[in-house]
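Here are some short exercises to work through with the model open beside you. Try each task before reading its solution.

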Amino acid sequence: LDDLARHRWIATHILPLEGEVRGWLRRHVHSLTAADADDLVQECYSRLWDADFAHIANARGYLYATIRNLLLEDARRAKIVPMERLGEIEALRIPTDEPGPERLVTARQELERLVAIVEGLPAQCQRAFRLQKFHGLSQREIATEMNISEKTVEKHLATALLRVLDTLARQDTESGANPPSDNRYDTQSTHD
Amino acid sequence: MTPNPPTIDSVAAEWAVRLSADPLSVEEQQALDEWLNADTRHRGALIRARAAWVDLDRLAALSAHPSASAPTVAASSALSAACEARRLESPPVASSSRRFFLAAGLAAISLTGTGVAAWRFRRRGDIYETAVGEIRRIPLSDGSAILLDTDTRAEVRFAKADRTVELVRGQGLFEVAKDAVRPFIVLARGISVRAVGTVFAVRAVDQDVKVTVTEGVVEVADPGTSGSAALERVGADERAVVSASQGIRVQRVSAAQIDRNLAWRDGMLSFDGDTLSDAVKEINRHNTRQILIDDPALAGRPVVGVFRATNAEGFAETVAAALGAESAVEGDTLHLRARNAR
């Protein structure tokens, strides 16, 4: 896999789970501050990048296992959690779930959220972003089209991306209220 | 006030955008390397930002084909609202959208219990069997349903007085439609599990028979080898383990544990600290390609993770990586062994 394909793999398999993982961390590892969670998530992407994607059968399980391992490593170094929490981490429950309909609904919401972000961008920034991501123009073409420098185009695009990154980190406020595996039974139950 | 200092994410975003355009100049490459080396968090932040940037290409794909089955960006919220509304009403007729289909499937599942059993087939002694690696859902004539796990055989006998399913071997999840006059009875190795309207799983794989209840109450009866019959009520979030030596033991189980134990219904197997030998045993039940643990020292190591039940190779590779072991293919079997010292 080349770098683009690897970034796509991460975008498809991991990014949509980031909010959920952050929510899970917040609920289960209370000693973790928001900044710790950021560090942990960043470390996790770094770790994932080194994995052989072809052999990851279940990205979700792999992601949680990676997070859990990082927590354990940090706990051993007493960096994030005191030693007595080690056992607690060992016992941490990893949600087991396949992308069921709930998850797909979330994917749709995620798309809507992206659109909302774009619509909330400052006018110039939004225009540059739309020209690139909706119409496929290069940065140079956008610069000509908008009569601004390429550097400015780059700044606008980076602003847009930063908004997206912030939203990724914050999206757990909605979807993370319940572990996804807890709801599943309700939809399948046969009692009346 | 001074402007906010750049955050890791804002710098990562700039580099992600820059990297998506022309190749970097020598100076730029140098600056990027410096930034990456300055802090271990920077690398992950950049990977995340680049993945998110690539992901935004989907917007172009969606807006480029407004007439295709994919929703256009502008119309997406209206469309999803419509999907949502239809999902609640009734299963849609046909749709090219897979997502839609899945949602509809769930709606249909939740309907089976609510009295769609107008369908009056009386089946007698029907045998259902799954192959290794197969998981099948069997809707029954009364509105109940059985989900059969891998390598499972069940015989369904419905009569006027009761509904009996004999679990000859394997594992099944029973979703029982309420019928106060006709109890639903599952027989497994002489043990009977009696329910009126509940959801529970019966496992007749190991020596013990295990009954896990997720909803309602069942009665587990063990005629006993010595003739002394035992009877226990087992409620939601409880499990009965019935063994020849100890009779019926009822334990409380957490929702998490139930989810893990029933992950097979989604074609997954979930382990959370189970020993490698137990995990391999379970994976092997689902696969014709068997895994062998060559190294006894590995057998007791704990395994954590969720795996696709039918992917023995993926399991072996992942576990090997996690335990610092190696997996090797030899003919039809997969071997797990300690990695050779370099």
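## Two chains, two builds

In chain A, residues 24 or more positions apart account for 66% of the contacts with a separation of 6 or more, a contact being heavy atoms within 4.5 Å. This is a predicted model, in which local features need pLDDT of at least 70 and side-chain atom pairs pLDDT 80 or more, while totals for chains, interfaces and linings use all residues. Residues are numbered from 1 along each chain as its sequence is written, chains are lettered from A and ligands numbered from 1 in the order in which they are written, and side-chain values use heavy atoms, leaving out hydrogens and water.

**Exercise 1.** Set out the helices, strands and buried share of each chain.

*Solution.*
- Step 1: chain A has eleven helices and zero strands, where helices (H or I, at least four residues) and strands (E, at least two) are DSSP runs numbered from the N terminus.
- Step 2: chain B has ten helices and 18 strands.
- Step 3: of the 192 residues of chain A, 54% count as buried, that is, under 20% relative accessible area, with exposed over 50% and partly exposed in between (1.4 Å probe, protein chains only).
- Step 4: in chain B, buried residues make up 46% of 342.
- Step 5: for chain B, residues 24 or more positions apart give 42% of the contacts with a separation of 6 or more.

**Exercise 2.** How many aromatic pairs are there over all chains, and how are the rings of A:Trp9 and A:Phe53 arranged?

*Solution.*
- Step 1: searching the whole structure gives seven aromatic pairs over all chains. Rings of Phe, Tyr and Trp (its six-membered ring) pair if their centres lie within 6.5 Å; planes under 30 degrees apart are stacked, over 60 edge-to-face, and the rest tilted.
- Step 2: the ring centres of A:Trp9 and A:Phe53 are 4.1 Å apart and the planes are at 10 degrees, so this pair is stacked.
- Step 3: A:Trp9 sits in helix H1 (residues 3-13) of chain A and A:Phe53 in the loop between helix H3 (34-49) and helix H4 (59-76) of chain A, so the pair ties together parts 44 residues apart in sequence.
- Step 4: both A:Trp9 and A:Phe53 are buried.
- Step 5: A:Arg6 lies over the face of A:Phe53, 4.2 Å from the ring centre. For such a charge, NZ of Lys or CZ of Arg is within 6 Å of the ring centre and within 35 degrees of the ring normal.

**Exercise 3.** Why does the pair of A:Trp24 and A:Tyr64 count as edge-to-face or stacked?

*Solution.*
- Step 1: the ring centres of A:Trp24 and A:Tyr64 are 4.9 Å apart with planes at 80 degrees, so the pair is edge-to-face.
- Step 2: A:Trp24 belongs to helix H2 (residues 15-28) of chain A and A:Tyr64 to helix H4 of chain A, 40 residues apart.
- Step 3: A:Trp24 is buried, with a relative accessible area of 1%, and A:Tyr64 is buried at 0%.

**Exercise 4.** Describe the surroundings of A:His156.

*Solution.*
- Step 1: A:His156 lies in helix H9 (residues 150-170) of chain A.
- Step 2: A:His156 has a relative accessible area of 17%, so this residue is buried.
- Step 3: leaving out residues up to four places away in sequence, A:His156 touches A:Gln124, A:Cys125, A:Ala128 and A:Ile148.
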